[in-house]
Amino acid sequence: MLAYLVIRPLLDKNYGADFEAYCPFGGMQALASFFSSNTLTCSMTTVQIATGLAVLFGVIVVSKLFCSYICPIGTVTEWIGEQARKMKMQVTLSGKPDRFIRILKYSLLFITFYYSVSSSELFCRKFDPYYASFTGFSGDVVWYFALPALILTMVGSFFIRQFWCKYLCPLGAITNLAAYALPSVSLALIWVLANSIFPGTISWIWLAACICLLGFLLEATTLKFLIFPPLRITRNSGICTSCRICDKKCPMSIPISTVDKVNHIDCHLCVECVVKCPEKAALTINNKQWNWLPSAASVILIASALIISSAYELPTISERWVETSRIKEAGVFEMSGLKNIKCFGSSRSFANQMKEVPGVLGVETYVKHHKVRVYFDTKLTGSEKIKEAIFSPYSEFLNSPAAGLTTIKTFSVGIDHCFDPNDQSLLAELFRDQKGVMSLETTFGEPIQATFYYDPGLISSEKIKSRIEQKSVELKGEEGTFTVEPGFAINSKGQSEGTMEKAAFLERYFESRDVKFNKFDSYSASSVKTLNLPFPSAMDPEMQDWIPYLVSQLSNDDGVIRFKIEFTSSDPLLLISYVPTMTTRDKIIKLMNEPTFMVHYPDKSVKKVKNPFPIVLSGSGKESK
Ligand code: SF4
Ligand code: SF4
């Protein structure tokens, strides 16, 4: 599975691997969050919850199967350990250190659950060496947690036998707690009872802390399973020749050759000892030749989890803002395919957005199918209004108008399958490098209305339509080109064309700035001159944030008193007002073209900033009174 997740993106650039798609540990945290606050953590769905439950159920009915047959970290750390053993550089901890250091994994388990359940975000993402390695330390990974965790895991696994599995792995801790199911569940029942007698007095945090402490104490003092798991390695001392090969081959360094039954808490039924034993039937599982059973059970459990989870989905957020009786009579609006409903955070902002809509009584979000369900008062609102409230209009300036263009054409068209913000962003992407299309705006309607602002000399509305409906399109991304199949369809309803003056068009997207400084008001109009310069940077989205730096640089000349941008029927103009008795146009031009700007900050500090303007500003501007 891991190889598939790594190799497929290399072959298929459109495939984004999800390294948490089946993460049982994430699922367990999501389930805890669901019980605690009726929300699921992050992007976790019933898939991860079901795999998490399958792992725990597996411990109770078979053994710690995840550790032996699925865990990617266990596989890697075991390989590292093998290299160290070949070099005779590895030690096996025993005695008190072996028992005491096990507290680390229970502490990590408690901390992870505490933060994940409190925030509904997956805390383990911040430090998980597996997640950090396969995502390239991107996303939610906090490098100063993840990098030391990765180094510690690698170095520790080299020098100390099964360092990660025995001492650090929080999933290992929770599977051991499943093996100690009876005492753990007993504690949980006591907590439920106490809370039913004294409601809300004992937080779940105390329960989690007590269960983790209990798990550590049981493990450190006994190093043994109690009742679960039911399957154990058994040794027939009549057949065994005491060659001790099994002891050497056991990845957990369990002394097998001296016991009749392996009850050690570290045994995860990998059957390595059984396979490597030279005496047939000396080692068995529960005195039966069931070597095949653990691997078969792993496959069956995970497959069952995936099948069950595909039939039912828990909501990531389920909120009601009114009493249950009103919800029973409420109208229900459902919508799927909302790609921006993808995690707890996006679900939270959707719920907040809906809370402001009059008549909406509650929401549920389902991130696996990007689906929302909205409950509403039918007397106050309706499905159409809710759909409109969900819709986010899109507006993006894509390309600057060509020099000399004075009139811009508009083309409005209804587009099917373009409701989601991600789809609208993809629609803009189709035209980003399309000469002649200057901007795109969308408005709500059935279907969604998209308006393109374009240069009729470079592109036609027919070409725009055919680009929208193109079956597959090659786009440029950060890692090269990739192909997308947009799936948009032109709707025959509501097509229209129009025109717009260039100045009015630019004013829709850019600020026409007017900044006065250096005692502007103290000068009479007759004592001031204005320098007019063509200023194409005014219609360059990337230069907008730099314009205040230019204003600051100009303010260094006491004779410059005003900075104004004006959008005209031709190119934008920069109007610089100055006092000719104090400065000259050449001085101003020189100041603007300095390689370094002296920029004044609000805290009164002055810093040097490299002149960011790509075009050397022309000195041929006109002057006016
Ligand atoms: S490898 Fe087999 S024969 Fe050798 S000690 Fe272990 S159980 Fe006995
Ligand atoms: S005792 Fe046998 S089954 Fe258990 S971990 Fe060791 S090698 Fe694997």
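Okay, one definition before we start: a residue is buried when its relative accessible area is under 20%, exposed when that value is over 50%, and partly exposed in between. Keep that in your heads, since I'll lean on it a few times. And a quick caution: what you're looking at is a predicted model.

So, let me put the definition to work straight away. Look at Glu441. Its relative accessible area is 15%, so Glu441 goes down as buried. Now, who does Glu441 talk to? Its side chain meets that of Arg508 in a salt bridge, 2.8 Å from N to O. Glu441 sits in strand β9, residues 437-443, while Arg508 belongs to helix α22, residues 502-509, so this pair ties together parts that are 67 residues apart in sequence. The two partners don't share a class, by the way: Arg508 comes out at 43% relative accessibility, so that one counts as partly exposed.

Right, let's zoom out to the domains. The assignment for the protein chain gives five stretches: domain 1 is 2-222, domain 2 is 232-289, domain 3 is 317-388, domain 4 is 395-507 and domain 5 is 511-624. I'll spend my time on the first pair. Domain 1 and domain 2 have their C-alpha centres 27 Å apart. On the contact itself, domain 1 puts in 16 residues and domain 2 puts in 13. Together they bury about 1,100 Å², and 53% of that is on carbon and sulfur atoms.

How many salt bridges cross the interface of domain 1 and domain 2? One, by the rule used here. For scale, the structure as a whole holds 25 salt bridges.

Now have a look at Arg102 and Asp266. Those two form a salt bridge, with the closest N and O atoms 2.9 Å apart. Arg102 is in the loop between α6 (95-100) and α7 (103-119), and Asp266 is in the loop between α14 (245-249) and α15 (272-276), so the pair ties together parts that are 164 residues apart in sequence. Buried or exposed, then, for Arg102 and Asp266? Both are buried.

Stay in that neighbourhood for a second pair, Glu219 and Lys105. Their closest N and O atoms are 2.8 Å apart, again a salt bridge. This one also links distant parts of the chain: Glu219 is in helix α13, residues 204-222, and Lys105 is in helix α7, 114 residues away. Glu219 is buried, and Lys105 is buried too.

And here's the bit I like: these pairs belong together. Asp98, Arg102, Lys105, Glu219 and Asp266 are linked in a network of salt bridges. If you're turning the model on screen, pick those five out as a set.

On to the ligand. Which residues surround ligand 1? Going up the chain, you have Cys240, Thr241, Ser242, Cys243, Arg244, Ile245 and Cys246, then Ser257, and after that Cys277, Pro278, Glu279 and Leu283. Split by class, that shell has seven nonpolar residues, three polar and two charged.

Next stop, Glu388. It's in helix α19, which covers residues 383-390. Its relative accessibility is 45%, so Glu388 counts as partly exposed. Have a look across to Phe444: the C-alpha atoms of Glu388 and Phe444 are separated by 6.3 Å, with their positions 56 residues apart along the chain.

Last topic, backbone oddities. Most peptide bonds are trans, and most residues other than glycine have a negative phi. Against that background, a few spots deserve a look.

First, the cis bonds. Phe228 to Pro229 is cis, with omega near -5°, and Pro229 is in the loop between α13 and β1 (233-235). Glu446 to Pro447 is cis as well, with omega near 5°. That proline, Pro447, is in the loop between β9 and β10 (448-454).

Then the positive phi values. Asn38 has phi near 65° and lies in the loop between α2 (24-37) and α3 (46-61). With a relative accessible area of 33%, Asn38 is partly exposed. Gln162 has phi near 50°, also positive in a residue other than glycine, and its place is in the loop between α9 (143-159) and α10 (163-168). Here the relative accessible area is 7%, so Gln162 is buried.

That's my tour, thanks everyone.

Notes: Residues are numbered from 1 along each chain as its sequence is written. Chains are lettered from A and ligands numbered from 1 in the order in which they are written. This is a predicted model: local features need pLDDT of at least 70, side-chain atom pairs count only at pLDDT 80 or more; totals for chains, interfaces and linings use all residues. Side-chain values use heavy atoms; hydrogens and water are left out. A residue is near a molecule or strand if one of its heavy atoms lies within 4 Å of it. Ala, Val, Leu, Ile, Met, Phe, Trp, Tyr, Cys and Pro count as nonpolar, Asp, Glu, Lys and Arg as charged, and the others, Gly among them, as polar. Helices (H or I, at least four residues) and strands (E, at least two) are DSSP runs, numbered from the N terminus. Buried means under 20% relative accessible area, exposed over 50%, partly exposed in between (1.4 Å probe, protein chains only). Domain bounds come from an automatic or database domain assignment. Contact means heavy atoms within 4.5 Å. Buried area is the accessible area (1.4 Å probe) that two parts lose on being put together, summed over both. A salt bridge is a side-chain nitrogen of Lys or Arg within 4 Å of a carboxyl oxygen of Asp or Glu.
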